Each structure stands twice: as structure tokens, then as C-alpha cells.
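Dear colleague,

I am passing on a structure for you to look through, together with some notes on what was found in it. Please keep the sequence and the 3D view open beside this message while you read.

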Amino acid sequence: MNSKSGPAYLNWIAIAVLIIGLLLGLTILSAPAGIWLGIWAFPVGLNILIQADPYTHWVLALCLLGWIVLLGLALRAKAENTLKLCSIAALGVLSALFAWYIPSTFQARLTYPVIHDVSTDVNNPPGYVAIAPLRAEVPNSMVYGTVEGLSPEEHAQQQLAAFPDLVPRLIDASPQEVFDRALAALEEMDLEIVAAVPEEGRIEAIATTFWFRFKDDVVIRIQDQGGQTLIDARSLSRVGRGDAGTNGRRLQRFFELL
């Protein structure tokens, strides 16, 4: 039976779209949330994303179709609560969109080589001093190019192919000026500064990734080159064989700010 608020099935369509979208969104959100709360380790959270990813675009399409059908039927029935019903369903569509976006962006990054250590100087990478004790019990070595299945030469080749712009930079400025600019860039990136030693030209910092709360370690090396300053940077993950391009993109961002 119709009423001013429209047929009852309009309510059921709106609620169905809302529930389906929210369930998918909460499933995707549970992947990093479980890691943040210490409920499960990273592999479990990553597996949730991998398992859900093939279905996210279908669920998003279903929710969007449901919203369109709801709008058409509500307008046809001249329901007074059309705006309310479509708003409720829109929440489900937005949740499904969020659920599709997160794993899709992660999958896009899987085109990067499966490495977790990126340095502008692959032959003599900057070393960690203050951060070294913090990495004493982490799986990934501080020795550059130590990735299972790759030789150090292959590791360097893959890095240079993926990030050809990440090379030592010679800057026409004093070491102190470059040091100050580098420190400001790291702070703007919201990295945790662990050590800033201008007399050694060394800055060390920790970056914590947003979704999975990974901790990656960054070290900057600044050297006087007789009127100019040579700067190198390195970013190294503590866990994981690959980083989906995170370390390389972080250093690219650093040099953009520099």
C-alpha cells in the first residue's frame, strides 16, 4: 500500500544498500584496524584485503545500481521521504566506494619491484647509527640489497629501474643550509626525528605508514664537496619483503620538499 512516504519496499531497498555497503566497508577497515589494535599481525590484515579485493567493484556496482533504482522508484511514487531514503542508501554507496578504493590503490602499487630498501647511493648507502639499536630484533637487515631471491646487484638494478631519479644530489649551498632544509623537509613529512647531527651531516628519522602502521627508517647523509653539498638519502622497511613502492616514493617526496 502506498503512503505519502512511498511504498514500503523503498525503505527495504535503502536499508539493503546501506547494509551491503557498510558490511564491505567494515570488512576492509578491519584489515588495518586489527593491526592497530594488536588483534592480528600484518599478514592477516593483508590477506583480508587480498581476499576482498576481487569483490569490491561488484559490490560497489550493486550498491550504485540500488541507489539509482531507489531514486527512480521514489520519484515515480512521489514519495515525500525521497531525500531521506536516497541519503541512507548513499551512505552504503560511499562505504562501498571506500572499500573499493583502498585495495585498488594497494594493488596498483604492486607494479613496483619487490624490494624494501631504497638508497640514492647503491654502492655506498648511508648507514644507520642512532636507529641501529631499534632495528636489533627486526627481520630486515640494514645491509643494502639483502632481499631473499635477489643478489645485491639485481636489487640495485631493480631499484634504479623503478626510481631512476633517486640519485645523489649535488646542491649549490652550504652543508648547514642543506642540513636545515633536509630537517625541515622531514618534519613537514611528519617523520619522527631520532637524530640530527649537523657536525656529522647525518639525520635519522622514523616514518610510520598510515594503514598498516609499518615503521620504516630514513637516514640522510650530507657531505661538503668544496663549495657545494652532496646529499644522499635512504629509506628501509623493518618488516616485509616488498614495500609496494613506499620507500622510493617517500624519498621522491623528500627531494621535492628539499
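A good place to begin is Ala 244, which sits in the loop between β6 and α6. Please bear in mind throughout that this is a predicted model. Although Ala 244 is not a glycine, its phi is positive, at about 55 degrees. Most residues other than glycine have a negative phi. Is Ala 244 buried or exposed? With a relative accessibility of 12%, Ala 244 counts as buried, because the cut-off for that word is under 20%.

Lys 78 also has a positive phi, near 55 degrees, and is likewise a residue other than glycine. Its place is in the loop between α2 and α3, where α3 covers residues 82-108. Lys 78 has a relative accessible area of 70% and is therefore exposed, since the cut-off for exposed is over 50%.

Next come the helix pairs. Helix α1, which runs over residues 8-36, packs against helix α2, residues 42-77, at an angle of about 160 degrees, and their axes are 9 Å apart. That angle makes α1 roughly antiparallel to α2, because angles over 145 degrees are described in this way. The crossing in which α1 passes α2 is left-handed. Which kinds of residue make up the contact of α1 with α2? They divide into 21 nonpolar and 6 polar residues, with no charged ones.

The second pair is formed by helix α5, residues 175-188, and helix α6, residues 246-257, which pack at an angle of about 125 degrees with their axes 9 Å apart. This makes α5 oblique to α6, and the crossing of the two is right-handed. On the α5 side the residues that take part are Ala 182, Ala 185, Leu 186 and Glu 188, and they meet Arg 253, Phe 254 and Leu 257 in α6. Sorted by kind, the residues of this contact are 5 nonpolar, no polar and 2 charged.

Two residues of helix α1 are worth finding in the view. Asn 11 lies in α1 and is partly exposed, with a relative accessible area of 31%. If residues up to four places away in sequence are not counted, Asn 11 touches Asn 81 and Leu 85. From Asn 11 to Ala 33 there are 22 residues in sequence, and the C-alpha atoms of the two are 31 Å apart in space. Leu 26 is also found in helix α1, and at 54% relative accessibility Leu 26 counts as exposed. Leu 26 and Gln 176 are 150 residues apart in sequence, and 48 Å separate them in space, C-alpha to C-alpha.

Strand β6, which covers residues 229-237, includes Thr 229. Thr 229 is buried, with a relative accessible area of 0%. What does the side chain of Thr 229 reach? It reaches the backbone oxygen of Ala 173, at 2.6 Å. Ala 173 is also among the residues that Thr 229 touches beyond four places in sequence, a list including Arg 169, Leu 170, Ile 171, Ser 174, Pro 175 and Val 178.

Leu 230 lies in β6 as well, and Leu 230 is buried, with a relative accessible area of 19%. Leaving aside neighbours within four places in sequence, Leu 230 is in contact with Pro 168, Arg 169, Leu 170, Arg 221, Ile 222, Gln 223 and Gln 225. Pro 175 is 55 residues from Leu 230 along the chain, and the C-alpha atoms of these two are separated by 8.2 Å.

The last residue to look at is Asp 117, in strand β1, which covers residues 117-119. Asp 117 has a relative accessible area of 2% and is therefore buried. Which side chain does a polar contact join to that of Asp 117? The partner is Arg 234, and the contact is 2.8 Å long. Arg 234 is also one of the residues that Asp 117 touches when those up to four places away in sequence are not counted, and the others are Val 143, Tyr 144, Gly 145, His 155, Gln 159, Ser 235 and Leu 236.

With best wishes

Definitions and conventions
Residues numbered from 1 in each chain as written. Predicted model: local features only at pLDDT ≥ 70, side-chain atom pairs only at ≥ 80, totals over all residues. Heavy atoms only, no water. Helix = DSSP H or I, 4+ residues; strand = E, 2+ residues; numbered from the N terminus. Buried < 20%, exposed > 50% of the residue type's maximum accessible area, 1.4 Å probe, protein only. Polar contact = N/O pair within 3.5 Å; in protein donor to acceptor, adjacent residues only side chain to side chain. Contact = heavy atoms within 4.5 Å. Axes fitted to C-alpha atoms, helices over the stretch in contact; angles between N-to-C directions. Parallel < 35°, antiparallel > 145°, perpendicular 65-115°, else oblique. Left-handed = near helix turned anticlockwise from the far one by under 90°. Nonpolar A, V, L, I, M, F, W, Y, C, P; charged D, E, K, R; others polar.
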